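Reader: Could you take me through the terms used for this model and show what each one rests on?

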Amino acid sequence: MGTPAAAAAQIRIGVSGWRYAPWRGVFYPDDLVQAQELAFASRQFPVIELNGSFYSLQRPSSYAAWADGTPEGFVFTVKAPRFITHILRLREPRAAIANFLASGLFALGPKLGPILWQLPPSLPFDARLLGDFLALLPHDTTQGAALAHEREPRMRGREWLAPPPRPWRIRHALEVRHESFACPECIGLLRRHGVALVVADTAGRWPELGDVTADFVYLRLHGAQELYASGYSAAQIGTWAERIGAWHRGRAARGMALAGPAAQAPAAPPGGRDVFCFFDNTEKLHAPENAHHLARALRLDPATLRPAVR
């Protein structure tokens with residue numbers, strides 16, 4: 001089965017979202033119109049976290065336009081709706097997941113990357129609840145299209161149900177924010193379902209765990225000292241580059257707390273692990289600069305989006 005990314009493992013460094021007024025005239029050129037911001041940003045980074053989908057269901061026409069406006073080889077990761085994670089709190093989510101899948105994700109075509117599920121800080125670990133939720137998640141576009149057909153009647157007329165002509169995997173990442181998730185049972189569930197535990201740097205506010213639970217790694221760097229605002233120093237960037245390099249090569253990263261047994265981590269694929277890393281310290285303009293700095297620290301080859309030969 002094909003995947004949205006190339007066969008060889010890749011490290012993709014990007015930002016969370018792209019439409020921020022303070023970026024205009026700083027990251028974006030002064031004369032760049034707002035409608036061209038995604039086109040510009042997608043040529044600066046190989047991946048962007050699409051987060052408007054967290055607040056409301058998007059339309060197929062929007063997903064299609066985002067795909068058309070970005071270069072070949074670019075990837076979006078898509079943040080799942082807060083209605084599922086924060087309102088339903090993972091309870092009886094089947095219809096809502098079907099609606100989400102029917103809302104146009106497949107219009108991204110091969111630019112569809114992992115789906116991010118961010119849990120609220122007030123939601124504690126419940127093994128049965130999490131297990132039932134993870135069991136619903138589709139792991140390829142054929143399964144996803146089948147579940148999308150279960151969308152609610154209100155979705156009719158604003159849906160995209162056709163799977164891509166060539167099926168590929170759908171990968172999922174879970175960001176937890178309650179300390180009770182830092183337990184072996186949670187790690188075991190994620191590994192059983194092949195869902196990545198998000199490595200989240202939240203300035204010490206929520207759990208920061210380095211357990212590898214899937215054949216790829218997903219990081220969100222929200223700010224070193226101040227959530228969503230503070231930047232990363234050269235030394236901090238160097239630490240994250242070292243960890244990302246280790247994960248990419250199938251090794252354990254140093255200096256990360258673990259909630260489960262490291263020996264039971266999924267083996268890396270023969271070509272290494274894909275790594276997705278997003279800077280979400282977007283309030284004070286640090287995200288684009290930090291992302292570029294990290295890519296340079298990893299010596300990424302911009303032509304292939306893979307580590308350069310050393």
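Author: What follows sets computed values against their cut-offs, for a model that is predicted.

Reader: Let me begin with the helix pairs; why is α9 called oblique to α10?

Author: The axes of α9 (residues 234–248) and α10 (residues 286–297) come within 9 Å and cross at roughly 55°. Because angles under 35 degrees count as roughly parallel and those from 65 to 115 as roughly perpendicular, α9 is oblique to α10. The crossing of these two helices, α9 and α10, is right-handed. On the α9 side the contact is made by A234, I237, W240, A241 and I244, and on the α10 side by N290, H293, L294 and A297.

Reader: What makes up the contact of α9 with α10 by class?

Author: Sorted by class, the contact of α9 with α10 holds seven nonpolar and two polar residues, and no charged residues.

Reader: How do you know whether α5 is roughly perpendicular or roughly parallel to α7?

Author: The angle at which α5 packs against helix α7 (residues 141–148) is about 115°, with their axes 8 Å apart. Since the roughly perpendicular class runs from 65 to 115 degrees, α5 counts as roughly perpendicular to α7. In passing α7, helix α5 makes a left-handed crossing. The residues that meet are R94, I97, A98, L101 and A102 from α5, with G144, L147 and A148 from α7. This contact of α5 with α7 divides into six nonpolar residues, one polar and one charged.

Reader: What makes α5 a mostly covered helix?

Author: Helix α5 covers residues 94–102, and seven of its nine residues are buried, where buried stands for a relative accessible area under 20%. The buried residues of α5 are A96, I97, A98, N99, F100, L101 and A102. Just after α5, G104 takes a positive phi of about 130°.

Reader: Why are α6 and α8 described by the terms they carry, roughly parallel or oblique?

Author: The axes of helix α6 (residues 127–136) and α8 come within 10 Å, and the crossing angle is roughly 15°. Because angles under 35 degrees count as roughly parallel, α6 and α8 are described as roughly parallel to each other. The crossing in which α6 passes α8 is right-handed. From α6, residues A127, L130, G131, L134 and A135 meet E185, C186, L189, L190 and H193 in α8. Of the residues in the contact of α6 with α8, seven are nonpolar, two polar and one charged.

Reader: Still on α8, how do you know whether R192 is buried or exposed?

Author: R192 lies in helix α8, which spans residues 184–193. The relative accessible area of R192 is 62%, and R192 is therefore exposed, the cut-off for that term being over 50%. The C-alpha atoms of R192 and T213 are separated by 8.3 Å, although these residues are 21 apart along the chain.

Reader: What about the cysteines: why is C183 not joined to C186 by a disulfide?

Author: A disulfide is a covalent bond between the sulfur atoms of two cysteines. The closest cysteine sulfur to that of C183 belongs to C186 and lies 5.4 Å away, which is too far for a bond, given that a disulfide requires the pair of sulfur atoms to be within 2.5 Å. A search of the whole structure finds zero disulfides.

Reader: And how do you know whether C183 and C277 are buried or exposed?

Author: C183 has a relative accessible area of 15% and is therefore buried, because the cut-off for that term is under 20%. For C277 the relative accessible area is 0%, so C277 is buried.

Notes: Residues numbered from 1 in each chain as written. Predicted model: local features only at pLDDT ≥ 70, side-chain atom pairs only at ≥ 80, totals over all residues. Heavy atoms only, no water. Axes fitted to C-alpha atoms, helices over the stretch in contact; angles between N-to-C directions. Helix = DSSP H or I, 4+ residues; strand = E, 2+ residues; numbered from the N terminus. Parallel < 35°, antiparallel > 145°, perpendicular 65-115°, else oblique. Left-handed = near helix turned anticlockwise from the far one by under 90°. Contact = heavy atoms within 4.5 Å. Nonpolar A, V, L, I, M, F, W, Y, C, P; charged D, E, K, R; others polar. Buried < 20%, exposed > 50% of the residue type's maximum accessible area, 1.4 Å probe, protein only.
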